[in-house]
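Q: Could you take a close look at the largest cavity for me, and at the other empty space that goes with it? Which residues line that cavity?

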Amino acid sequence: MVWEPTRAAAEARLNAFVPRAGSAYARSRNSDYGPDKRSNVSALSPWVRHRLILEEEILEATLARHSASASEKFVQEVFWRGYFKGWLEHRPEVWRRYRQAVAELAAKLDTDASLAREYANAVSGNTGITCFDSWAKELIETGYLHNHVRMWFASIWIFTLKLPWELGADFFYRHLLDGDPASNTCSWRWVGGLHTAGKTYLARASNIAKYTDGRFNPSGDLAPDAIPLFEPPLPDPVSPSFQADDIAGLRYALLITEEDCSVESLELQATPSAIFALAHPTPRSVLPTSDMVQKFAPAVVQDAARRASEHFQQDVDCFDIEDWEAVLADRVNELGCDAIVTARLPLGPVRTRLHRAAKSLAIPLIEVTRAYDRATWAHAKRGFFGLKKKIPAILSSINLG
């Protein structure tokens with residue numbers, strides 16, 4: 001499957017998948033039939049990751065076609081992404097620790113020959129575990145893996161190969177077109193027994209054989225048990241702020257980044273005086289981000305810029321320049337605006353980069369949080385079950401009840 005970096009392609013895929021988003025999805029969602037057979041899953045995540053298409057739109061299309069009970073599994077799957085993002089917003093220390101560990105382990109690859117050799121075998125698909133090696137190569141070649149495969153892969157990485165989970169999460173993050181700081185980090189932590197303390201996910205040969213339709217059967221190759229990983233206690237959760245500055249009456253410039261490529265649907269109180277986009281890709285790691293990801297991110301921003309220009313009936317400047325601080329300063333000086341407004345920046349490298357670039361500005365950078373995020377993140381303080389119980393209320397609050 002090919003993911004074109006446009007909203008039109010995302011809409012086409014959604015329309016093609018929606019008929020299967022009900023009971024058919026619930027029956028077959030865990031099966032991985034191979035990279036050329038993805039009709040049993042939505043495969044929308046690369047577009048959702050950059051919000052070329054929104055969670056609300058997917059939910060609306062699904063619930064217009066299927067009953068709440070028939071589409072329950074798929075609806076919950078959509079909410080898992082929002083849950084993980086909200087959970088990480090409550091726990092920024094998790095992200096800080098992960099980033100620090102990746103940096104330290106990347107440096108260790110230069111000094112620890114044994115770790116470097118085992119890591120290289122894993123990421124190049126040369127471990128001797130046929131299914132794992134096939135998936136490693138598929139990830140590099142396509143930028144995507146089935147969700148069930150991601151769980152198996154992470155489990156084998158942690159419990160069979162006994163490699164640091166942070167390096168595995170980083171490998172995914174650097175190569176997945178849908179690589180998301182929250183979903184990726186939290187999913188790896190969940191498999192290792194950190195997200196829900198002591199609860200691990202163990203890949204079993206029989207399960208892999210069943211859900212790959214017999215393509216793989218790693219009998220005798222996998223760890224027989226999964227001893228949970230350990231970490232020092234985390235600080236108490238913090239509550240993310242949803243309070244945005246009032247932009248009514250302000251002459252502001254609307255900024256597009258790869259974090260949200262549907263700015264035409266933001267809840268804005270006034271029409272922007274100018275619009276510009278930052279298309280230069282943000283590195284995801286101290287290790288190299290894949291060329292496929294590096295090309296996809298600027299392309300989705302360029303598509304967003306074209307659509308914003310049509311929607312707001314004004315020119316949109318798109319800057320593929322590494323120095324974001326210089327671009328912001330030039331825009332502020334040229335436009336004479338009172339503020340720069342952008343969609344909410346969730347925890348991750350883009351937020352860090354943009355906040356650093358905006359530090360020297362004499363005007364504020366204002367972030368607008370979508371109603372879906374406000375409603376979902378508020379219930380992501382603990383486990384997913386707490387949010388799951390609130391799904392009907394959340395849907396109602398965004399007029400999808």
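A: Twelve names to click on, then: the largest cavity is lined by Val48, Arg49, Arg51, Glu55, Arg81, Lys85, Asp180, Glu259, Arg344, Pro346, Asp373 and Trp377. Bear in mind that this is a predicted model, where local features need pLDDT of at least 70 and side-chain atom pairs 80 or more, while totals for chains, interfaces and linings use all residues. Numbering runs from 1 along each chain as its sequence is written, and side-chain values use heavy atoms, without hydrogens or water.

A cavity here is a set of 1 Å grid points, over protein atoms alone, where a 1.4 Å probe fits but can't get out; lining residues have an atom within 4 Å of a point. The structure has one cavity of 30 Å³ or more, and the largest cavity holds about 100 Å³ of space (the volume filled by probe spheres on points joined across faces, edges and corners).

Who supplies that wall? α3 (45-49), α5 (72-90) and α16 (371-377) each give at least two residues to the cavity lining (helices are DSSP H or I runs of at least four residues, strands E runs of at least two, numbered from the N terminus). As for chemistry, the cavity lining has nine charged residues, three nonpolar and no polar (charged is Asp, Glu, Lys and Arg; nonpolar is Ala, Val, Leu, Ile, Met, Phe, Trp, Tyr, Cys and Pro; the others are polar).

One of those lining residues, Arg51, leads to Asp260. Leaving aside neighbours within four places in sequence, Asp260 is in contact (heavy atoms within 4.5 Å) with Arg51, as well as His50, Ala343 and Arg370. Asp260 lies in the loop between β1 (252-256) and β2 (274-278), and its relative accessible area of 4% makes it buried (under 20%, with a 1.4 Å probe and protein chains only).

Two of the helices turn up again in the largest pocket (an open set of points with protein on both sides within 12 Å along at least five of seven lines). Among the elements that give two or more residues to the pocket lining are α3 and α5, along with α4 (55-65), α9 (147-160), α11 (181-192) and α17 (384-388). The largest share, eight residues, comes from α5. About 1200 Å³ of space lies in this pocket. Its lining counts 45 residues, with Glu77, Trp80, Phe84, Asn147 and Ser187 nearest the centre. They split into 22 nonpolar, 14 polar and nine charged.

Key
Buried < 20%, exposed > 50% of the residue type's maximum accessible area, 1.4 Å probe, protein only.
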